[in-house]
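Morning, everyone. Please have a look at the model on the screen, and then I'll walk you through some of its helices.

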Amino acid sequence: MVTKRFKNINKLIEGKQDKALPVAEALELLKKCPKTKFDESVELSVKLGIDSKKADQQVRGTVSLPHGTGKNIRVLVFAKGEKIKEALAAGAEEAGDEALVEKVKGGFEAFDAVVATPEMMREVGKLGKILGPKGLMPAPKAGTVTNEVGKTVKELKAGKVEFKVDKNNLINNMVGKLSFSSENLTANIRAFMEALQKARPSSAKGVFLLSLYMSSTMGPGFKIDLASCLTL
């Protein structure tokens, strides 16, 4: 059964979903869709012209969204000694050494991002089967294996996000909340796309950005005109 909400959405977007829209028009349409009971995320899905099966064509990096994600990021830090105090002082929800590793092994999962000092990675590696599938394993390329735990926690809290290509050559990331102003969402999208282009592997040939789609959590998806996106 098609709900009244989706009937209204279908009427609003009629004739639009087969076209490549400018970013501004897509955002306007998403904001006009009937509201849900929660603040939906705005998400991008980018198809890349690479072969993610090749080690030299992996795309991974981080970007600090200028207006944050709109989400309270719960940060877990694996460290020892003074670094534990530094992480907690910076706002980490949990910080600890081997005892925290055991806590996560036991089922603790109230966190959205994980940071570790280099000396803790041998222990953290034991959590690969837990953190790996969730995309939360700390990595040097993502800046989450570091001795600068306080700085990293603050950046994550302020809106620093990681992006990583999947096996289908896709990158899927949220860039804010639907309640954000169009200007703030546009600024976040600009920052994200610039960071993605900078992460292009030198071995990647031909067209790097093949397609871009924008959607909200419970809303429709729109194909985006890449030319409009790259000139924001």
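**Helices, faces and crossings**

Let's begin just after helix H4, where Gly107 has a positive phi of about 120°. Helices here are DSSP runs of H or I with at least four residues, strands are runs of E with at least two, and both are numbered from the N terminus.

A quick word on the source. This is a predicted model, where local features need pLDDT of at least 70, side-chain atom pairs count only at pLDDT 80 or more, and totals for chains, interfaces and linings use all residues. Residues are numbered from 1 along each chain as its sequence is written, and side-chain values use heavy atoms, with hydrogens and water left out.

Back to H4, residues 98-105. Which residues of H4 are buried? They are Leu100, Val101 and Val104. Buried means under 20% relative accessible area, exposed means over 50%, and partly exposed is in between, with a 1.4 Å probe and protein chains only. These three cover an arc of only 105° around the axis, so they sit on the same side of H4. The arc is taken from the directions that run from the helix axis to the C-beta atoms. What covers them? The cover includes strand S3 (75-78), strand S4 (94-96), helix H5 (121-124) and helix H6 (128-131).

Now go to helix H1, residues 4-13. Its residues Arg5, Ile9 and Ile13 are buried. Seen down the axis of H1, the buried residues fall within an arc of 55°, so they line one face of the helix. They pack against strand S9 (221-223). Turn to the face pointing away from the buried side, and you find the exposed residues Lys4, Lys7 and Lys11. Phe6 lies in H1 too. Is Phe6 buried or exposed? Neither: Phe6 is partly exposed, because its relative accessible area is 36%. Phe6 and Thr152 are 146 residues apart in sequence, and their C-alpha atoms are 41 Å apart in space. Just after H1, Gly15 has a positive phi of about 80°.

Next is helix H2, residues 23-32. Its buried residues are Val23, Ala26, Leu27, Leu29 and Leu30. They cover an arc of only 160° around the axis, which puts them on the same side of H2. The face turned away from that side carries the exposed residues Ala24 and Lys32. The cover over the buried residues of H2 includes H1, H8, strand S8 (209-216), S9 and helix H9 (226-229).

Stay with H2 and look at helix H8, residues 182-198. The two axes come within 11 Å and cross at roughly 130°. Axes are lines fitted to C-alpha atoms, for helices over the stretch in contact, and angles run from 0 to 180 degrees between N-to-C directions. That angle makes H2 oblique to H8. Here are the classes: under 35 degrees is roughly parallel, over 145 is roughly antiparallel, 65 to 115 is roughly perpendicular, and the rest is oblique. The residues in contact are Val23, Leu27 and Lys31 of H2, with Ser182, Leu185, Thr186 and Ile189 of H8. Contact means heavy atoms within 4.5 Å.

One residue of H8 deserves a stop: Met193. Met193 counts as buried because its relative accessibility is 1%. Leaving out residues up to four places away in sequence, Met193 touches Leu44, Val46, Leu209, Leu212, Leu226 and Cys229. Take Leu209: Met193 and Leu209 are 16 residues apart in sequence and 9.7 Å apart in space, C-alpha to C-alpha.

Here is a second helix pair. The axes of helix H3 (residues 82-89) and helix H7 (residues 149-158) come within 8 Å and cross at roughly 25°. That makes H3 roughly parallel to H7. Lys83, Glu86 and Ala87 of H3 meet Val149, Gly150 and Val153 of H7.

Last stop: Asn169, in the loop between strand S6 (160-164) and strand S7 (170-177). What is phi of Asn169 near? Phi is near 65°, a positive value in a residue other than glycine. Most residues other than glycine have a negative phi. Asn169 is also buried, with a relative accessible area of 15%.

That's my tour. Thanks for listening.
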